Amino acid sequence: MEYGVRKPTTIGTPQGGVVSPLLANIVLNRLDWQLHQAGFAFVRYADDFVVVCPSTKRAEEARAFVESVLADLGLTLSPSKTKIVSYGKGYPFLGFMISSRSRRMRSKSLKKFKDKIRELTRRKHNFEAEVIVKLNRVIGGTARYFATSFFTGRSSFHKLDSWIRMRLRCMKFKRKSRHDNHKLRVKKFTKLGLLTLESFCHDHPAKRASAIPRKGQSLVGSPSD
């Protein structure tokens with residue numbers, strides 16, 4: 001659609017369109033089977049994928065293999081989204097920043113979350129029950145996505161919960177002051193029904209850190225038309 005006029009497209013699908021993931025799964029199903037038959041360990045979600053390899057050489061072989069399979073499908077790897085990285089340095093994938101040391105929200109995801117909270121907690125607005133309802137939708141949705149069994153960002157969730165309460169106190173008293181912490185305590189927010197990100201976390205996420213390999217390479221990529 002351009003200036004109210006529908007125009008046919010000859011390549012690709014709209015970014016973020018509801019049909020895009022479905023088409024990606026249909027087209028890239030062949031890539032899944034080819035990677036499996038070639039003995040590669042991989043994870044794919046729609047058109048984003050990671051191929052886990054024991055060495056840089058093997059990761060380079062994986063890249064060449066993926067390029068060959070995609071070429072038969074009339075696709076190419078996106079240069080800006082495809083790279084060979086190590087667990088030590090980490091890499092972003094599906095909103096997470098994954099490394100041998102931690103699995104947390106990537107900076108882009110964190111900014112997006114905080115922008116939503118800021119929009120709902122502007123100081124010029126009144127602190128009403130509806131604000132809690134709207135915040136809970138954002139908090140609950142974010143927590144349910146990120147607070148997996150392998151998530152190691154519990155401390156960051158704790159800080160974000162404190163930050164959200166600070167925003168609400170500023171909204172209530174139209175100022176920013178530590179003294180307001182005593183006027184509107186954590187227990188009060190609990191009574192109001194405010195959810196916390198930390199409450200969705202597993203009790204001991206650090207115990208699962210040993211399950212993540214600390215060596216090896218990964219090919220992180222995404223095809224483009």
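The following exchange discusses a predicted model of one chain.

Me: Before the details, what are the ground rules for this model?
Reply: The model is predicted, so local features need pLDDT of at least 70 and side-chain atom pairs count only at pLDDT 80 or more, while totals for chains, interfaces and linings use all residues. Residues are numbered from 1 along each chain as its sequence is written, and side-chain values use heavy atoms, with hydrogens and water left out.

Me: How many helices and strands are there in the chain?
Reply: The chain has seven helices and nine strands. These are DSSP runs numbered from the N terminus, with helices being H or I of at least four residues and strands being E of at least two.

Me: And what share of the chain is buried?
Reply: Of the 225 residues, 35% are buried, where buried means under 20% relative accessible area, exposed over 50% and partly exposed in between, with a 1.4 Å probe and protein chains only.

Me: On to helices α3 and α5: at what angle do the axes cross?
Reply: Helix α3 (residues 107–120) and helix α5 (residues 154–173) have axes that cross at roughly 20° and come within 10 Å. Axes are lines fitted to C-alpha atoms, for helices over the stretch in contact, and angles run from 0 to 180 degrees between N-to-C directions. The two helices are therefore roughly parallel to each other; that label covers angles under 35 degrees, with over 145 counted as roughly antiparallel, 65 to 115 as roughly perpendicular and the rest as oblique.

Me: Which residues in α3 and α5 meet?
Reply: From α3, Leu 110, Phe 113, Lys 114, Ile 117, Arg 118 and Leu 120 meet Leu 160, Trp 163, Ile 164, Arg 167 and Met 171 of α5. Contact means heavy atoms within 4.5 Å.

Me: Changing topic, in what order do the strands of the open sheet come?
Reply: The three strands are ordered β5-β6-β7, with antiparallel pairing. Strands pair if DSSP finds at least two bridges between them. At the edges are β5 (91–93) and β7 (103–105), each pairing on one side only.

Me: How many bridges join β5 to β6?
Reply: Three bridges join β5 to β6 (residues 96–98), and Tyr 91 stands opposite Ile 98 in β6.

Me: Finally, is Cys 170 buried or exposed?
Reply: Cys 170, which lies in helix α5, is buried, with a relative accessible area of 6%.

Me: What is Cys 170 in contact with, leaving aside neighbours within four places in sequence?
Reply: Those contacts are Arg 123, Arg 175 and Lys 176. Cys 170 is also 9.4 Å from Lys 124, C-alpha to C-alpha, although the two are 46 residues apart in sequence.
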